[in-house]
Amino acid sequence: MDVTVNPGNVHDSVAFDGLYDRLVERNTEIKAIVADAGYKTPWISKRILDDGRIPVLPYKRPMSKKGFFPPYEYVYDEYFNCVICPENQVLSYATTNREGYREFKSKGYICENCPSRHLCTENQKFEKTVTKHIWSDYLETVEDIRHTPEYKALYERRKETIERVFADAKEKYAMRYTPYRGLSQVTNWVRLKFAAMNLKKYALHRWKRSHQYSALINLYTFFCQNKTHNPKSRLEFRVIRQTEKQLRFAIAFFSYIRLAASDIATQ
Ligand code: SF4
């Protein structure tokens, strides 16, 4: 697990680049990037797709004013490079702004007498402006990916994995609130917490692996014993069964002690 700490006024989508660079530098085999709706921006989609990876991003609600036409009512005509409004009027291309959005504007003298104007614009000059990002095609590709069963299933795994890490960080590692001030102090504090979380994850992983192998060895030994040993009498058979039971109990007991000790050490 990796982490970057950014000032509170930096949006998630802006903070994405630093973490993404670090992640793909160390793990070149990454094929898909799963993130929440906050990261569904034209730049992030372009960045991931241009790198030959798959962005798996969820549905994002259109940000239109309540009681007004939703954005999908304004249809872009690629051939004529214009937008058609719900009243079938043409909004012509006007300019591309500094943020990379192409602006399409309606004609005030047409909109002035439009019966749907109250659902469309509140502009004083009766001019409706529709924007479309120059990289909006990337967002459309991301929408197509979102409907693919394979990536739908992959997105579902997000809540089972990374969301649990967030929940643990907040609830068990007291990261809902920081007692420190300043970027450097908070960075040190967060990194220390994540180091502890990583160590715990590593210890549990090691324990699970070693436990799995010891269980396999025990099972193998048990079957070998049963195969080679042919008890001569009922009494001898009972003694063997008794010893087996005691051994199993001892293994279970020591496994529990090990688990409890590792849990205490990591908390
Ligand atoms: S106000 Fe203008 S842009 Fe809006 S629906 Fe009416 S004609 Fe179209």
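Modeller: In this predicted model, two residues are in contact if their C-beta atoms, placed from the backbone, lie within 7 Å.

Colleague: Happy with that! Which residues is V56 in contact with, leaving aside its neighbours within four places in sequence?

Modeller: V56 touches A32, I33, V34, I145, Y151, L154 and Y155, so each of these has its C-beta atom within 7 Å of that of V56.

Colleague: And what makes the largest nonpolar core a core?

Modeller: Its 13 residues are buried and joined through C-beta atoms within 7 Å, so they count as one nonpolar core. Y39, V56 and L57 have the most contacts inside it. Two or more residues come from each of helix 1 (12–26), helix 2 (42–50), strand 2 (54–56) and helix 4 (136–146). Helix 4 gives the largest share, 3 residues. Apart from this core lies another, of 7 residues, including V83, C85, C120 and V130.

Colleague: How do you know that strand 5 and strand 6 pair?

Modeller: Pairing needs at least two bridges, and 4 join strand 5 (residues 90–96) to strand 6 (residues 101–105), so they pair; they run antiparallel. T95 has E103 of strand 6 as its bridge partner.

Colleague: Why is one side of strand 3 and of strand 7 left without a neighbour in the sheet?

Modeller: The open sheet has 5 strands in the order 3-4-5-6-7, paired antiparallel. Strand 3 (75–77) and strand 7 (129–133) stand at its edges, each with a single partner strand, so one side of each has no neighbour there. On average, neighbouring strands are turned by 35 degrees against each other, direction ignored.

Colleague: Which residues come nearest to the ligand?

Modeller: Of the 13 around it, C85, C111, C114, C120 and K128 do. The shell divides into 6 nonpolar, 4 polar and 3 charged residues.

Key: Residues are numbered from 1 along each chain as its sequence is written. This is a predicted model: local features need pLDDT of at least 70, side-chain atom pairs count only at pLDDT 80 or more; totals for chains, interfaces and linings use all residues. A residue is near a molecule or strand if its C-beta atom, placed from the backbone, lies within 6 Å of it. Ala, Val, Leu, Ile, Met, Phe, Trp, Tyr, Cys and Pro count as nonpolar, Asp, Glu, Lys and Arg as charged, and the others, Gly among them, as polar. Axes are lines fitted to C-alpha atoms, for helices over the stretch in contact, and angles run from 0 to 180 degrees between N-to-C directions. A residue is buried if 20 or more other C-beta atoms lie within 10 Å of its own, exposed if 12 or fewer, and partly exposed in between; C-beta atoms are placed from the backbone.
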